[in-house]
Amino acid sequence: MRATNSSSVTQASSSNLSCRKLNRKRKIPNISQIPILDLTSDEDLRDQQIRQQLISDYLDHGDQTFVCTMCHAQLWTYEALKGNTSGKKTSYSMCCGNGKVELPQLKQAPTNYQNLFRNVDPKGKNFMKNIRRFNSMFSFTSMGGKVDSSINRGNAPYVFRLSGQNYHCMGSLLPIDGSKPKFSQLYIYDTENEITNRQRAFSTQNEGCTSTSHSLDIEIIRFLKDMLDSTNELVKCYRMARDCFDENPHIDLKLRLIGRRQQDGRTYNLPTASEVAALIVGDIGDAIDNRDIIVTTKSGSLQRINELHPAYLGLQYPLLFPYGDDGYRVDIPHRDVDPSTNTKRRFCTMREFFAYRIQDRVNVFSLILNSRRLFQQFLVDAYTMIETERLYYIRNQQKVLRCESYETLKSVQSHDLKKKRLLGLVKAVVYTVEFQKRGLPHAHICLFMHPDYKLPTVEHIDRVISAEIPNKDDDPELYSLVSEFMMHGPCGSDNPKCPCMSENKCSKNFPKPFLENTSVDSNGYPMYRRRNDGSFIEKSGVKLDNRSVVPYHKTLLKRYQAHINVEWCNQAASIKYLFKYINKGPDRATVEVAQNNNGGDNDDAPVDEIKNYYDCRYLSACEASWRIYGFDVHYRYPSVVRLPFHLPGKQNVVYGADDDIEDVLKKQFVSSSMFLSWMSCLSLNDDQLKNLTLYEIEKILLQNNSSLKDFVGMPYPDHDSISSSNNRLITEELDFDMNSLQQESHQLLDSLTIEQRSVFDEIMTAVKQKKGEAKNTKLPKRFLWGKPPE
């Protein structure tokens, strides 16, 4: 599946975009708009082969026509309409959280440095092809994750993919005796030969470069060195340390990279040299913050940098932050938030920070967005920071959280497919987006059709699904698309190195057999019609016929111009497989052989699930950006929530280690679980359910500075009835059986005397008419409700 096209399938299915029918040539890509292109060629971008004509049915998303009034980010239609279906909002959730996030604009880089990113001359081309290598030359820190280069084979676009746990490490100021300087040490050690040292240190990381000129390398390194020396505050601090060593080579010097800032992070991100670092001679002292980085003279070891340090990104990406700009800080408030503001979340999260930073804005040249392969690395690094922060919280909470049953505590105290009905009337949808080996997004969508559209016979299947090469003369557009997207292979003996090959045969069972008619096998899997009519498509010098066609839907293929495999399933076996595939876990696993020093079984040893997750995780740039923007990974319609059943008093309760048991048991959500609340709701009437629902909606709106009162015509909850429902005594009084009480009422009324009934009727009439009192309420004998007269 192609990354660009497959993502558009998901977007278009819920945005009601109109199809722009363009009968013109596709524009040359704008190189300032985050292109992910093949950079292994020396050819100019203008010379690359591009599809000559757009298919008339192609869904064109157009240009970034929406501009956020708060942060000036440029968005496509679907991005702007996310959470804004009415289209009335002028600030959007995807860029600045509807105006909540406010960050200072990054200072524009010097013009001659921007020209390197614009790829306008041989020097710029060489720089862009090797930008990751040049960044490593000037980086202060090293990355701990393992870069998976095995997937970048063939002619497919480059993908940056990382495996394992990622982190940044920094060494000492000087290398130990006999070792060569690396990373930050290159700013201090042997600076007379700095340019040569930098080139030699990363000469083996010649990624994506086939004919790099030595003279161009030297020229670019010298230019970057001079620029960073004059602009980057972190570089200036290391140069100060170099000067100290030049004056006294035996000095015991330490560099303190300060982890806190005093200025407001919403308007300030360019610290001075004194705010960034401090040189310390001798003992460090006690005034050290837990996030400060202390770099010693010679240690021979590496120290891990805290992801929450403001200089975390500047130390790793000096080419993206040439001024040493601050990165994420935990104390950046939301817009218009001050210490007296009463809100649940007052500060910017790490995900919000990166979602803001990687936006394309009006009249702003972004080094990050135009850094190509380095941009991919930055995205992966950014999401690993987000993930590390979340998992760090989970690991720490494991020490204080407890989970017991309630009884134990008490004893101690999808748009096109669903709405536009391209395949028919859809009753339910479930899909999952996964990122396959190359890291590109791949959606598995299961549609549950209305009974009238279930395709009950194989004759109906041929009208919807095709597995044959179309006639080139009858439909040249479809023929072109099938040729590009829906042909498998060549594989087998014609291409034994094809990725699908396993044990000398195709793992997808291609080529399929010729069939004159569609049929269904005993396991419920369809066998589509593949006639031997002589049609073929030549790929890599191999003629592929109908046996190599991947089943497709004609309209979907024309609309999205991507690899879209459409299958029909109507048997229990195929549906079981399909759900297993949609909800399957990660494809990779690790096996660890550990020595047991005790000589016995160690089955009770705690399992570090966080470490296991890191070991199995592979993260690409596509997945990182997908998750930073908060796009859906799972989707279900209609929504289904798992109801946790339990025996009386056996519901799980999560509480802190230091919480008082009595206080825990007094909480309403503890004694009333989701299951018990659901059972209680079954006894409520429609008006009560409506009122409770409105009450919950109102609470959510109030958290976002809104209210149901802001929407004309919307009902408003009756707070009095809700407050009374939270009162245990009133709730018990209202907890009655209407049928039994009505029956009891008739029995008691029948037992009244004529005089008593007359008084009863007079009282009830006064109550209904709200008169306040009845004229004759004197009874000869008392009568208690539920007890006959004496």
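The following exchange examines burial and salt bridges in this predicted model.

User: What rules apply to the numbering and to the values in this model?

Analyst: Residues are numbered from 1 along each chain as its sequence is written, and side-chain values use heavy atoms, with hydrogens and water left out. As the model is predicted, local features need pLDDT of at least 70 and side-chain atom pairs count only at pLDDT 80 or more, whereas totals for chains, interfaces and linings use all residues.

User: Why is Glu-194 called buried or exposed?

Analyst: Buried means under 20% relative accessible area, exposed over 50%, and partly exposed in between (1.4 Å probe, protein chains only). Glu-194 has 2% relative accessibility and therefore counts as buried. Arg-239, at 8%, is buried as well.

User: What makes the pair Arg-239 and Glu-194 a salt bridge?

Analyst: The term requires a side-chain nitrogen of Lys or Arg within 4 Å of a carboxyl oxygen of Asp or Glu. For Arg-239 and Glu-194 the N to O value is 3.0 Å, so the pair meets the definition. This pair links distant parts of the chain: Arg-239 lies in helix α9 (residues 233–247) and Glu-194 in helix α7 (residues 194–201), 45 residues apart. Helices here are DSSP runs (H or I, at least four residues), numbered from the N terminus. The structure holds 26 salt bridges.

User: How do you know that Asp-252 and Lys-254 form a salt bridge, and what is the exposure of each?

Analyst: Their closest N and O atoms are 3.4 Å apart, so the cut-off is satisfied. Asp-252 has a relative accessible area of 41% and is therefore partly exposed, whereas Lys-254, at 13%, counts as buried.

User: Why are Asp-761 and Arg-757 said to be separated by about one helical turn?

Analyst: Asp-761 and Arg-757 are four residues apart in helix α29 (residues 754–768), which means a separation of about one helical turn. An α-helix has 3.6 residues a turn, so residues three or four places apart point the same way. The side chains of Asp-761 and Arg-757 meet in a salt bridge at 3.2 Å, N to O. Asp-761, at 34%, counts as partly exposed, and Arg-757, at 35%, is also partly exposed.

User: What makes helix α5 largely enclosed by the rest of the structure?

Analyst: Six of the eight residues of α5 (residues 122–129) are buried, and the helix is therefore largely enclosed. The buried residues include Lys-123, Phe-127 and Met-128. The buried residues of α5 pack against α4 (111–118), α6 (131–138) and α8 (214–231), where contact means heavy atoms within 4.5 Å.

Methods
Helices (H or I, at least four residues) and strands (E, at least two) are DSSP runs, numbered from the N terminus.
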